[in-house]
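Colleague: Could you walk me through this one slowly, please? I would like to start with how the helices sit against each other and then turn to the empty spaces.

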Amino acid sequence: MATWVIVGASRGLGYEYLKTLSANPSNTVVGIARTPANVTKQLSTDGLTKVKMVQGDMDDYKSLNAAAEEVSKLVGGAVDYLIINGAYGGNNEEITMLSPTQLVGHEEQLRTEFNQAMSTNALGPLFATNAFLPLVRAGKAKKIVVISSGMADMDGMAMAGIAASVAYSASKAAVNLVVAKTALDLKPDGIAILALSPGLVTTSGSDEAYKWMTQAFKGYEPNFKGPITTEQSVKAQLKVIDNFTLEQTGQFLSHLGNKRWLSANGEGDGVAPGFE
Ligand SMILES: NC(=O)c1ccc[n+]([C@@H]2O[C@H](COP(=O)([O-])OP(=O)(O)OC[C@H]3O[C@@H](n4cnc5c(N)ncnc54)[C@H](OP(=O)(O)O)[C@@H]3O)[C@@H](O)[C@H]2O)c1
């Protein structure tokens, strides 16, 4: 029996975590979302009535502290696994697609994108970790997972030749360091924390964006076929979460459990329909 909290659980991979985990009747699953009522409606449509939703915004540490208090009452004061999934992926596609030197003339939009990405993606996980830490300390598994991105891997980006997505990538690199430092803090207490890349996954991106990324990532992995589904990613991620130990705390790993951010042919993860 394990208690899971998923922060940023309204859709995409976060919602898939709610679905996959709640399929095991021995799990207690709580989702945190900015607008939980919408998610509760979706859960009810999907017949997932066991999952509880609580309001919380990764940009607002007070809301996360309040969420942790509410969760504590719901689950009896202990959480085994804290999964911090939510992220700001960029609202301004024009800015996202530009490389650093193409951003001349877009300074103010870039500043807005950068500040938002840093707030949600680097600071948000730190706030969420601190808010839920007393509950994780009281849990048995004592594992915290921050969902990061292969876009933060400098060698991988060099191989793929992807100079765009500056703000998002920098915020994910920043959170990897936050995770590494938090690990130093928490290791003596037996709490492990991991930065985990989910692979390229079909969620909120457009078909065009996935096709563009699939092509670009062939520079990293020539036999890369395309994105995986949320089911395939969460299944692979859960294997990594299950296997990672206190000795590995602070690391940045992929859904394959290593430093390969994408697989050659779907082995170990899969491939989404349309990309087989
Ligand atoms: N999909 C991929 O290929 C991919 C690749 C690498 C890494 N990732 C990472 O995987 C994680 C999930 O990505 P996804 O593709 O599932 O994203 P998504 O479909 O765009 O969903 C983003 C999620 O983050 C939540 N969120 C955003 N800002 C938040 C805030 N301030 N407080 C609380 N929740 C917030 C959103 O909630 P709202 O509904 O309230 O906006 C939504 O649930 C992210 O960390 C992302 O960076 C994804």
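Modeller: Let me start with one pair: helix 1 and helix 9 cross in a right-handed way, and please keep in mind that this is a predicted model.

Colleague: Which residues of helix 1 and helix 9 make that contact?

Modeller: On the side of helix 1 the contact is made by G12, L13, E16, Y17, T20 and L21, and on the side of helix 9 by T230, E231, S233, V234, Q237, L238 and I241. Sorted by class, the residues of this contact are six nonpolar, five polar and two charged.

Colleague: At roughly what angle do the axes of helix 1 and helix 9 cross?

Modeller: The axes of helix 1, which covers residues 12-22, and helix 9, which covers residues 230-243, cross at roughly 70° and come within 9 Å. Angles of 65 to 115 degrees count as roughly perpendicular, and therefore helix 1 is roughly perpendicular to helix 9.

Colleague: OK, next pair. How do helix 5 and helix 7 pack, and at about what angle?

Modeller: Helix 5 and helix 7 pack at about 25°, and their axes are 8 Å apart. An angle under 35 degrees counts as roughly parallel, so helix 5 and helix 7 are roughly parallel to each other. Their crossing is right-handed.

Colleague: And which residues meet there, in helix 5 and in helix 7?

Modeller: Helix 5 brings E113, F114, A117, M118, N121, A122, P125, L126, T129, L133 and R137, and these meet V166, A167, Y168, A170, S171, K172, A174, V175, V178, T182 and L186 of helix 7. By class, that contact of helix 5 with helix 7 has 15 nonpolar, four polar and three charged residues.

Colleague: Switching to the empty spaces, how many cavities of 30 Å³ or more are there in the whole structure?

Modeller: The search finds two cavities of 30 Å³ or more, and the largest cavity holds about 100 Å³ of space. There are 14 residues lining the largest cavity, and the closest to its centre are T96, E113, S165, A167 and Y168.

Colleague: Which elements give two or more residues to that lining of the largest cavity?

Modeller: Those elements are helix 4 (93-96), helix 5 (107-138) and helix 7 (166-186). The lining of the largest cavity is made up of nine nonpolar, four polar and one charged residues.

Colleague: You listed S165 among the residues closest to the centre of the largest cavity, so where is S165 found?

Modeller: S165 is found in the loop between helix 6 (154-160) and helix 7, and its phi is positive, about 60°, although S165 is not a glycine. K142 also has a positive phi, near 55°, and is a residue other than glycine; the place of K142 is in the loop between helix 5 and strand 5 (143-147).

Colleague: Last topic: about how much space lies in the second largest pocket?

Modeller: About 280 Å³ lies in the second largest pocket. It is lined by 17 residues, and the closest to its centre are M1, A2, T3, D80 and Y81. Strand 1 (2-7), strand 2 (27-33) and helix 9 each supply at least two residues of that lining, and the classes in the lining of the second largest pocket are 10 nonpolar, four polar and three charged.

Methods:
Residues numbered from 1 in each chain as written. Predicted model: local features only at pLDDT ≥ 70, side-chain atom pairs only at ≥ 80, totals over all residues. Heavy atoms only, no water. 1 Å grid on protein atoms, 1.4 Å probe; cavity = no way out; pocket = protein on both sides within 12 Å on 5 of 7 lines; lining within 4 Å. Points joined across faces, edges and corners; volume = space filled by probe spheres on them. Helix = DSSP H or I, 4+ residues; strand = E, 2+ residues; numbered from the N terminus. Nonpolar A, V, L, I, M, F, W, Y, C, P; charged D, E, K, R; others polar. Axes fitted to C-alpha atoms, helices over the stretch in contact; angles between N-to-C directions. Parallel < 35°, antiparallel > 145°, perpendicular 65-115°, else oblique. Left-handed = near helix turned anticlockwise from the far one by under 90°. Contact = heavy atoms within 4.5 Å.
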